[in-house]
Amino acid sequence: MDRKQCCVKLSVHPSRGLVDEKFIVMVQKVPPGFQLTVHALYKCEDGHNWEAFGHYTADATGTVNVAEDPSLGGTYSGVEQMGLLWSLRPVPGSKPGLRMRKMNVQTPMEVTISVYEGHQTEGFTDQVPLASVLVERWYMAPGVRRVPITEGGLTATLFLPPGPGPFPGLLDLWGGGGKLVEYRASLLASHGFASMALDYLTSKITLETGKMVGNEYFETAYRVLQQHPQILGSRIAMLGLSFGTSITLKMAAYSKVVKLRCAVCISGSHVQPVDGSVEQVMSFFNENSQKTRINEDNEVIWRDLLLPIPTDPTLKVDVGRLQCPLLMVVGDDDQNWPAHDSAVDIKEMMEQAGNSHLLTVLSYPNAGHLIEPPYTPHARASKFRTVTTGTSIMVMCLWGGETVAHSRAQEDAWKKILVFLRENLYGGGAASISNL
């Protein structure tokens with residue numbers, strides 16, 4: 001194409017939005033039938049570059065609409081409105097085992113969307129694009145407040161939605177990697193839930209004393225939410241992923257302090273010594289380490305550690321005691337944890353106990369372990385630093401999942417999680433939520 005004769009128009013709407021909000025990418029003013037590549041580039045906070053791209057052919061009006069037109073190849077194919085985000089992958093030459101995670105939620109993801117002539121697959125940095133647009137994707141909506149929490153020895157961050165409140169509260173627990181991970185809690189606050197991200201494996205008190213926290217740590221976090229002047233103390237939920245599910249189910253079933261309005265458990269299990277502390281539960285998992293498998297790519301598979309699901313009632317949470325609605329999200333190709341088998345057993349236990357009406361299970365074929373907010377790139381395997389008693393080990397962990405199916409699962413599950421939380425925390429009434 002002669003650049004003097006063509007002034008390609010590229011637009012992205014909205015160019016600034018929440019990470020779970022769809023955008024429309026339009027290319028205009030190219031010749032009819034023109035072959036082009038729409039490319040996305042994101043530089044992660046750790047310095048690694050990620051890219052995605054689709055191949056398109058302009059219609060008779062010289063237009064490509066990514067939301068309506070099929071990609072003919074690239075990192076995704078077919079009509080995929082958000083393929084430029086969910087199919088992001090490390091650029092060629094990157095080190096193996098990367099996983100994209102936003103650590104500073106007070107800044108946006110800045111994604112550069114560009115158009116290149118022809119159907120390109122490599123060498124994008126060596127070419128001059130026909131047009132480019134910078135897109136901002138935020139976890140924090142305007143007006144969301146980020147409040148570090150240290151009272152009661154907690155290592156936590158509370159995100160308050162815009163406005164005076166009061167808002168329902170949510171305690172957000174990640175899994176066995178530890179650290180204070182804020183992006184899901186900040187996104188939930190953007191949807192009207194006062195959400196506290198809690199570090200419970202690598203907390204300040206653990207680093208200072210060398211001792212893992214006890215169950216009272218979670219009760220302290222619950223009380224902080226309950227007593228906050230902008231939080232509805234009788235409308236609090238817990239959401240856990242992976243090992244966070246173990247804590248969530250234990251608190252919901254046995255705590256005399258934690259009285260939940262509802263609970264969400266993603267990719268987890270009820271199998272654990274029910275009288276055990278966090279440290280004892282971790283030790284229980286480690287005792288079964290001989291069941292660890294390693295595949296031909298030297299990736300660690302842990303899903304067998306808790307299999308077969310025990311029949312001993314002292315080794316699994318008595319979910320028959322649950323008195324609040326429970327939403328379980330399960331990837332059927334989870335290679336990290338026996339989430340599917342656990343969900344089947346939980347359903348049977350609750351049916352026998354007469355409280356199965358409280359249970360909803362979302363099961364997704366070909367989805368893996370890391371079911372995250374929508375359009376998060378799928379990591380089938382990544383490097384993972386385990387947090388165990390006194391040691392820290394880096395392994396290449398197999399999470400499972402097939403990229404397209406996993407991405408579909410993330411989008412569907414997130415929508416249903418938000419509906420579940422709204423129904424149970426707002427009593428069926430939708431919140432007034434500010435959008436970007």
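**Val-91**

I looked up the contacts of Val-91 in this predicted model. Leaving out residues up to four places away in sequence, I found that Val-91 touches Leu-41, Asn-49, Trp-50 and Glu-51. I placed Val-91 in the loop between β7 and β8 (109-117). I also took a C-alpha separation: Val-91 and His-48 are 43 residues apart along the chain, and 8.2 Å separates their C-alpha atoms.

**Second largest pocket**

Trp-50, a contact of Val-91, turned up again in a pocket lining. I noted Trp-50, Pro-90, His-378, Ala-379 and Arg-380 as the residues nearest the centre of the second largest pocket, which 20 residues line. The space in this pocket is about 310 Å³. I asked which elements each supply at least two residues of its lining. They are β7 (89-90) and α8 (403-425). The largest share comes from α8, with three residues. By class I recorded 10 nonpolar, six polar and four charged residues in the lining of the second largest pocket.

Where does the second largest pocket lie with respect to domain 1 (9-138) and domain 2 (145-426)? I put it between them, because both domains give residues to its lining.

**Domains**

I then turned to the domains themselves. The domain assignment of the chain gives domain 1 (9-138) and domain 2 (145-426). I have 32 Å between the C-alpha centres of the two domains. For contacts, I have 22 residues of domain 1 against 30 residues of domain 2. I noted about 2000 Å² of area buried between domain 1 and domain 2, with 62% of this from carbon and sulfur atoms. On the domain 1 side, Asp-20, Trp-86 and Arg-99 lose the most area to domain 2, and together they make up 33% of what that side buries.

**Cavities**

I searched the whole structure for enclosed space and got four cavities of 30 Å³ or more. The largest cavity has a volume of about 150 Å³. Its lining has 16 residues, and I listed Met-100, Met-109, Tyr-139, Thr-376 and Pro-377 as the closest to its centre. I sorted the lining of the largest cavity into 11 nonpolar, one polar and four charged residues. Domain 1 (9-138) and domain 2 (145-426) both contribute to this lining, so I put the largest cavity between them.

**Largest pocket**

I went on to the largest pocket, which holds about 1200 Å³ of space. I recorded 47 lining residues, with Gly-177, Lys-383, Phe-384, Arg-385 and Thr-386 nearest the centre. Which element gives the most to this lining? I found β20, with seven residues. At least two residues each come from α6 (278-287), β20 (381-388) and β21 (391-398). The class count for the largest pocket is 21 nonpolar, 18 polar and eight charged. I checked the domains here as well: domain 1 (9-138) and domain 2 (145-426) each supply at least three residues of the lining.

**Helix α2**

How many residues of helix α2 (residues 183-190) are buried? I counted eight of the eight, so I take α2 as largely enclosed by the rest of the structure. I listed the buried residues as Tyr-183, Arg-184, Ala-185, Ser-186, Leu-187, Leu-188, Ala-189 and Ser-190. Arg-184 is on this list of buried residues. After α2 comes Gly-192, for which I noted a positive phi near 100°.

**Ser-203**

Is Ser-203 buried or exposed? I read 0% relative accessibility, so Ser-203 counts as buried, the cut-off for buried being under 20%. I placed Ser-203 in the loop between β13 (194-198) and α3 (204-209). Its contacts, not counting residues up to four places away in sequence, are Thr-155, Val-213 and Tyr-217.

**Val-361**

My last entry is on Val-361, which I found in strand β19 (residues 359-364). I read 36% relative accessibility, and therefore Val-361 counts as partly exposed, a class that runs between the 20% and 50% cut-offs. I noted contacts of Val-361 with Met-328, Val-330 and Ala-343, again not counting residues up to four places away in sequence. From C-alpha to C-alpha, Val-361 and Ile-346 are 9.9 Å apart in space, with their positions 15 residues apart in sequence.

Key:
Residues numbered from 1 in each chain as written. Predicted model: local features only at pLDDT ≥ 70, side-chain atom pairs only at ≥ 80, totals over all residues. Heavy atoms only, no water. 1 Å grid on protein atoms, 1.4 Å probe; cavity = no way out; pocket = protein on both sides within 12 Å on 5 of 7 lines; lining within 4 Å. Points joined across faces, edges and corners; volume = space filled by probe spheres on them. Helix = DSSP H or I, 4+ residues; strand = E, 2+ residues; numbered from the N terminus. Nonpolar A, V, L, I, M, F, W, Y, C, P; charged D, E, K, R; others polar. Domains from an automatic or database assignment. Buried < 20%, exposed > 50% of the residue type's maximum accessible area, 1.4 Å probe, protein only. Contact = heavy atoms within 4.5 Å. Buried area = accessible area lost by both parts, 1.4 Å probe.
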